[in-house]
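Grab a coffee and work through a few short exercises on a ligand site. Try each task yourself before you read the solution.

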Amino acid sequence: MIIAYINGRFLPKQEITISPDDRGFLFADGVYEVIRWYEGFFYDMEGHLTRLKRSLRELRIDWKETDSYPSIARELIKMNGFEDKPAMVYLQVTRGAAPRTHSFPSSEISPTIYGYAFDFVPDRKGIESGIRVMLKEDIRWSRCDIKSIALLPNTLSFQEAYEKGMKECLFVRNGIITEGSRSNAFFVINKILFTHPESNFVLSGVTRKNILRIAQESGIQVKEEAVPESSLPAIDEAFISNTSAEVTPVIEIGGMKVGAGVPGPVTRLIYEGFGREISKLKISRTL
Ligand code: PDD
């Protein structure tokens, strides 16, 4: 039986009901987080909590108990028997239920908080051998920095990639590669690591932030600068990052081979650095 969280209670998932007037359902008026559980600890809970608070603030959703997110997530892992397994926790906060009107409800309504844990099998093949991705015009709104549950452009684009046998879709806005439909994008040109700067056109990925730190610690030169689509022929390596993909090499973009068409040395270095960080955290938890 799957135990999920709803508005202060842990219940069997099939017993959970949500109002049809919920603004998450009617307007996609909400935010979410996905965090990875590494058989004993959450990776960068502080980073996810900080981003959750920021997303809520930007949408003016007032969840007074935001600081309970870590304990809710921990409890979901425990109650579902995932303590010694790789897992994820999804948490969504919407503005709450109220009769449909575009303006925010005038009366005090409580946000709807929903969370669940699920077991997770990393895509080892993709991480080892690299993935092929497609390119597509960025049709999203211009507040991609908010981790909003309104993800239709992302799901449509990802589905298109999936149907073409690819593992991600990278977005291009005004000739600039912004990020993936569910990941941040990195490029290596002449041994320098490039990624789109933090802005309203990309999500500030928790993995992105940690990769930038790990790259710097590994002596890799980093530039938070956008890469135009026209520079694709000059790219030596590329990879995507997110909570589930960690560091996944990209070996083909829009039908064009990246470098030699195999994961490159800078990507490997960062992947190994990330792996070492996880191992260290695992050891420190068991001491
Ligand atoms: N997506 N950019 C977009 C558009 C994303 O949806 C995500 C994550 C990221 C990477 O963020 P992070 O490193 O914090 O996971 C970047 C999650 C995994 C999802 O929607 O399932």
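The exercises below deal with the ligand and its surroundings in this predicted model.

**Exercise 1. Find where the ligand sits and which domains line its site.**

Start with the pocket: the ligand sits in the largest one. Next, check the domains. Domain 1 (3-119) and domain 2 (124-279) both give residues to the shell, so the ligand lies between them.

**Exercise 2. Describe the shell around the ligand by residue, class and element.**

First, the head count: there are 19 residues around the ligand, and Y32, R51, E179, T207 and T243 come nearest. Then sort the shell by class, which gives four nonpolar, 10 polar and five charged residues. Last, look at the elements: β3 (30-38), β8 (176-180), α6 (206-217) and β13 (237-242) each chip in at least two shell residues.

**Exercise 3. Track down polar atoms close to the ligand's oxygen and nitrogen atoms, using a cut-off of 3.5 Å.**

Take the side chains first. R51 puts a polar side-chain atom 2.8 Å from a ligand oxygen. For K147, an N or O atom of the side chain is 3.4 Å from a ligand nitrogen. Now the backbone: a polar backbone atom of V206 lies 2.8 Å from a ligand oxygen. To finish, how much of the ligand is covered? On its own the ligand has 480 Å² of accessible area, and the protein covers 88% of that.

Terms used: Residues are numbered from 1 along each chain as its sequence is written. This is a predicted model: local features need pLDDT of at least 70, side-chain atom pairs count only at pLDDT 80 or more; totals for chains, interfaces and linings use all residues. Side-chain values use heavy atoms; hydrogens and water are left out. A residue is near a molecule or strand if one of its heavy atoms lies within 4 Å of it. A polar contact is a pair of N or O atoms within 3.5 Å; within protein, one must be able to donate a hydrogen and the other to accept it, and residues adjacent in sequence count only if both atoms are side-chain atoms. Accessible areas come from the Shrake-Rupley method with a 1.4 Å probe; for residues, only the protein chains shown count as cover. On a 1 Å grid over the protein atoms alone, a cavity is a set of points where a 1.4 Å probe fits but cannot get out, and a pocket is an open set with protein on both sides within 12 Å along at least five of seven lines; lining residues have an atom within 4 Å of a point. A molecule sits in a cavity or pocket if more than half of its atoms lie within 2 Å of its grid points. Helices (H or I, at least four residues) and strands (E, at least two) are DSSP runs, numbered from the N terminus. Ala, Val, Leu, Ile, Met, Phe, Trp, Tyr, Cys and Pro count as nonpolar, Asp, Glu, Lys and Arg as charged, and the others, Gly among them, as polar. Domain bounds come from an automatic or database domain assignment.
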